[in-house]
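Reader: I should like to learn how the terms of a structural description are justified. May I put my questions to you one at a time?

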Amino acid sequence: MAIRRKTSEADGMAAVREVRAFFEAQCAAAGEPADSHARGEYLLSATEVEQAFAALPRSVRATFVRFTLEELATLAPGNSVEVRVPPLGVTQCVAGPRHTRGTPPSVVEARPLVWAALVLGACSWEQAVGAGALDASGERSDLSVLLPLF
């Protein structure tokens, strides 16, 4: 069954462009670390990046998160993994055992900044998990093969 879209593609892609421009500006301001590993660690750990991301309009952050969660659910339909990006969005994806009540067997939870970095390839799944910026539990919770989306 196809997911029901709540965010138009035009609005979603506009938010993706705006958030991508944010990451490019952050990397330029930091002097663009030489390797992607150092860049990812910087984006995940620098307080000023978190504050700058929070300064983006809430509508842009919310549209970005909701649109990219819809994209993930389209790419990997199912109900065995719940991806949470509080307080902006949640989706269920990845084929597998269907749950009917309570918490699904696999859960992924990330802050909006971390989710944006993963979706756009600014950091890797391993970096986010290693930095403790991403909580992933359950046997199907590794979404590294699905990310980045853009």
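Reader: How do you know whether the radius of gyration of the protein chain agrees with that of a compact globule?

Author: This is a predicted model, in which local features need pLDDT of at least 70 and side-chain atom pairs count only at pLDDT 80 or more, while totals for chains, interfaces and linings use all residues. Residues are numbered from 1 along each chain as its sequence is written, and side-chain values use heavy atoms, with hydrogens and water left out. The radius of gyration is taken over C-alpha atoms, and the globule rule is 2.2 Å times the number of residues to the power 0.38. For 150 residues a compact globule would have a radius near 15 Å; the protein chain has 15 Å, so the two agree. Along the principal axes, its C-alpha atoms fill a box of roughly 45 × 35 × 20 Å.

Reader: What makes a stretch of the protein chain a helix or a strand, and how many of each are there?

Author: Helices (H or I, at least four residues) and strands (E, at least two) are DSSP runs, numbered from the N terminus. The protein chain has six helices and four strands, in the order α-α-α-α-β-β-β-α-α-β.

Reader: Why is Ser106 called buried or exposed?

Author: Buried means under 20% relative accessible area, exposed over 50%, and partly exposed in between, with a 1.4 Å probe and protein chains only. Ser106 has a relative accessible area of 2%, and is therefore buried. This residue is found in strand β3. Beyond four places in sequence, its contacts (heavy atoms within 4.5 Å) include Ser80, Val81, Glu82 and Ser137.

Reader: What does the relative accessibility of Glu82 make it, buried or exposed?

Author: Glu82 has 13% relative accessibility, so it counts as buried. Glu82 is found in strand β1. Among its contacts more than four places away in sequence are Val90, Thr91, Pro104 and Ser106.

Reader: What is Ser8 called, given its relative accessible area?

Author: Ser8 has a relative accessible area of 36%, and is therefore partly exposed. Ser8 lies in the segment before α1. Its C-alpha is 7.9 Å from that of Phe67, although the two are 59 residues apart in sequence.

Reader: How much of the protein chain is buried?

Author: Buried residues make up 43% of its 150 residues. In α5, nine of nine residues are buried, and this helix is mostly covered. Among those buried residues are Pro112, Trp115 and Leu120.

Reader: What makes a set of residues a nonpolar core, and which residues have the most contacts inside the largest one?

Author: A nonpolar core is a set of buried Ala, Val, Leu, Ile, Met, Phe, Trp, Tyr and Cys residues joined through side-chain atoms within 4.5 Å. The largest has 45 residues, and those with the most contacts inside it are Val19, Phe23, Phe64, Val83, Trp115, Leu118 and Leu143. The largest share of this core, eight residues, comes from α5. Trp115 touches Phe64, Leu72, Val83 and Leu147, among others, when residues up to four places away are not counted.

Reader: Why is Cys123 called buried or exposed, and where is it found?

Author: Cys123 has a relative accessible area of 7%, so it is buried. It is found in the loop between α5 and α6. The C-alpha atoms of Cys123 and Arg39 are separated by 7.4 Å, with their positions 84 residues apart along the chain. Not counting residues up to four places away, Cys123 touches Gly40, Leu44, Ala117, Leu118 and Ala128.

Reader: What is the peptide bond from Pro86 to Pro87 called, cis or trans?

Author: The bond from Pro86 to Pro87 is cis, with omega near 0 degrees. Pro87 lies in the loop between β1 and β2. Another cis peptide bond, with omega about 0 degrees, joins Leu147 and Pro148. Most residues other than glycine have a negative phi, and most peptide bonds are trans.

Reader: What is the phi of Val94, positive or negative?

Author: Phi of Val94 is near 70 degrees, a positive value in a residue other than glycine. Val94 is in the loop between β2 and β3. Its relative accessible area is 15%, and it is therefore buried.
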